[in-house]
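Visitor: I have just opened this entry and would love a guided tour. Could you take me through it one step at a time?

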Amino acid sequence: MSQGRRIFAGHRLRALRQRLGLSQRALADQLAVSVSYLSQIENGDRPITPLVMVALARAFPAEGEAIAAADESMLLVDAIEASTDPSVPDARIDEATLRRGAQQQPQLARRMIALHAAFRRSQEQLRAFDDRFEAGAAEVARFPWEEVRDWFHAERNYIDPLDRAAEAIAEELGNTPNALETRLAERFGITVRADRELDGPLRAYDPDARVLRLDPALPAASRSFALAHQLGRLEFAELIHDIASDGLPSDAGRALLAAGLANYAAGALIMPYARFRATARALRHDIDRLSRRFGASFEQTCHRLSTLQRPGATGIPFFFCRVDMAGNITKRHSATRFQFARFGGACPLWGVHEAVAIPDRIAVQLAETPDGTRYVAIAKGLVKPSGSFTRSPRRYAVTLGCEEAHAADFVYADGLHADDPATLIGVSCRICPRADCDQRAFPPAASEIHIDPDARDPVPYSFR
């Protein structure tokens, strides 16, 4: 970065501040500058210095590209991210040294960034190998639901054209009572009936009679979601077809993807992007308050928070998943470095497992993965009633978490402190390197096992 290069991008900084709903005082405090200095930057009287750029990258890591005005500046930001990765077990490079390196040896800095990216890819490949090993074969054909799950993960759980289309219709509907049902009736001639035969589907649509039947026992949030799902299928039929037809190899996978896209549209209709994101920030991501504000369930709200990945207007990067009573992960997504085991074998120290057995209580966990990253996560057990004594209710738990760096914007972290001990968790025993874990089910792959017949620890072997 040339000392003489001056970056004037105050308009971008002002746009970011307004998107986040921050005052100049609030942003100045986060960047450790004075209000007058920030005002001069926004008015174009002062450039954005490298120090301010670094502070922006740290305070709003997902918004950096909206501010960047020069490749050299982003080179410094990327170098800082690579050098501070906690999974690299070595002394960190101080910012002054990085700044000099990016300025004097930009090719070397780019090489370091590329090596870091390759390292992260190798970790992803290791997890994929563990998945295949757990599935029972080195090369296995994916089931349709695996195709769909991986498709959403590759898209970062954000479908831009569908999200924006749903947001436009949601703004048309406003907060009018029964707006979804009225839209179905007026635009598509659909009658909604709250009747259902015993053991029949929760939602059933007859396209010939144009009748949508819903289970009368559905909670209000589930009923709204069912209406939004049907509206999404009809409003965005062509868009959903185009998206689902491109990319998945099996007919069943494409059909499942279309259903998943309709569910995505339903969430976007009930919780339109910009309004939901702004409200989530204002409420510090309090799930119960967000649920009441938008008439959504706890699970729906958690899932929507994990989709806020719109370029230039991202939310906090969250991971989200749902676990059933047997420990199976039935939904999963991560916009963070946190990854899930895809075929079972998840870490038993993960708080979501305990939450399944204790419904309607939010448990908070400070967890640390083997790469040294710390996360603040919540977990809540939920029960979906069946509406009949003859059918068992569905019991499961959901979890939502973010990196500790975002704790100030996550209300559930208020009782935690930076020096609190974290629960040491992993992804899968097969790739977890922790040698002192009492909960280990089996040793990591390719490890050498040692057994002492004269001593017995909680785990009957050691390894290296």
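Visitor: What percentage of the residues in the chain is buried?
Guide: Happy to start there, with the reminder that this is a predicted model. A residue is called buried when its relative accessible area is under 20%. The chain has 464 residues, and the buried share of them comes to 44%.

Visitor: How many helices and strands does the chain have?
Guide: Both kinds of element are present in the chain. The helices number 18, and the strands number 11.

Visitor: Which strands stand at the edges of the open sheet with the order β1-β3-β2?
Guide: Three strands form this open sheet, and their pairing is mixed. Two of them have a single partner strand each, so one side of each is left without a neighbour in the sheet. The twist from one strand to the next averages 15°. The edge strands are β1 (191-193) and β2 (203-206).

Visitor: Which residue in β3 does Tyr-205 stand opposite?
Guide: Let's look at the pairing of β2 with β3, where β3 covers residues 211-214. These two strands run in the antiparallel sense and are joined over four bridges. Opposite Tyr-205, in β3, stands Leu-212.

Visitor: Is Asn-157 buried or exposed?
Guide: Asn-157 sits in the loop between α9 (144-154) and α10 (160-173). Most residues other than glycine have a negative phi. Asn-157, though not a glycine, has a positive phi of about 60°. Its relative accessible area is 5%, below the 20% limit, so Asn-157 is buried.

Visitor: And Asn-178, is that residue buried or exposed?
Guide: Asn-178 lies in the loop between α10 and α11 (179-188). Here too phi is positive in a residue other than glycine, with a value near 60°. The relative accessible area is 56%, and the cut-off is over 50%, so Asn-178 is exposed.

Visitor: Which residues make the nonpolar surface patch of about 340 Å²?
Guide: Let's begin with Trp-145, which is found in helix α9. Trp-145 is exposed, with a relative accessible area of 53%. It is one of the patch residues; the full set is Phe-143, Trp-145 and Leu-256.

Visitor: What percentage of the accessible surface of the chain belongs to carbon and sulfur atoms?
Guide: Stepping back to the whole chain, the accessible surface comes to about 23,700 Å². The share that belongs to carbon and sulfur atoms is 51%.

Terms used:
Residues are numbered from 1 along each chain as its sequence is written. This is a predicted model: local features need pLDDT of at least 70, side-chain atom pairs count only at pLDDT 80 or more; totals for chains, interfaces and linings use all residues. Side-chain values use heavy atoms; hydrogens and water are left out. Buried means under 20% relative accessible area, exposed over 50%, partly exposed in between (1.4 Å probe, protein chains only). Accessible areas come from the Shrake-Rupley method with a 1.4 Å probe; for residues, only the protein chains shown count as cover. Two strands pair if DSSP finds at least two bridges between them. Axes are lines fitted to C-alpha atoms, for helices over the stretch in contact, and angles run from 0 to 180 degrees between N-to-C directions. Patches are made of residues with over 30% relative accessible area and no salt bridge: like charges are joined within 9 Å, nonpolar side chains (Val, Leu, Ile, Met, Phe, Trp, Tyr) within 5 Å. A salt bridge is a side-chain nitrogen of Lys or Arg within 4 Å of a carboxyl oxygen of Asp or Glu.
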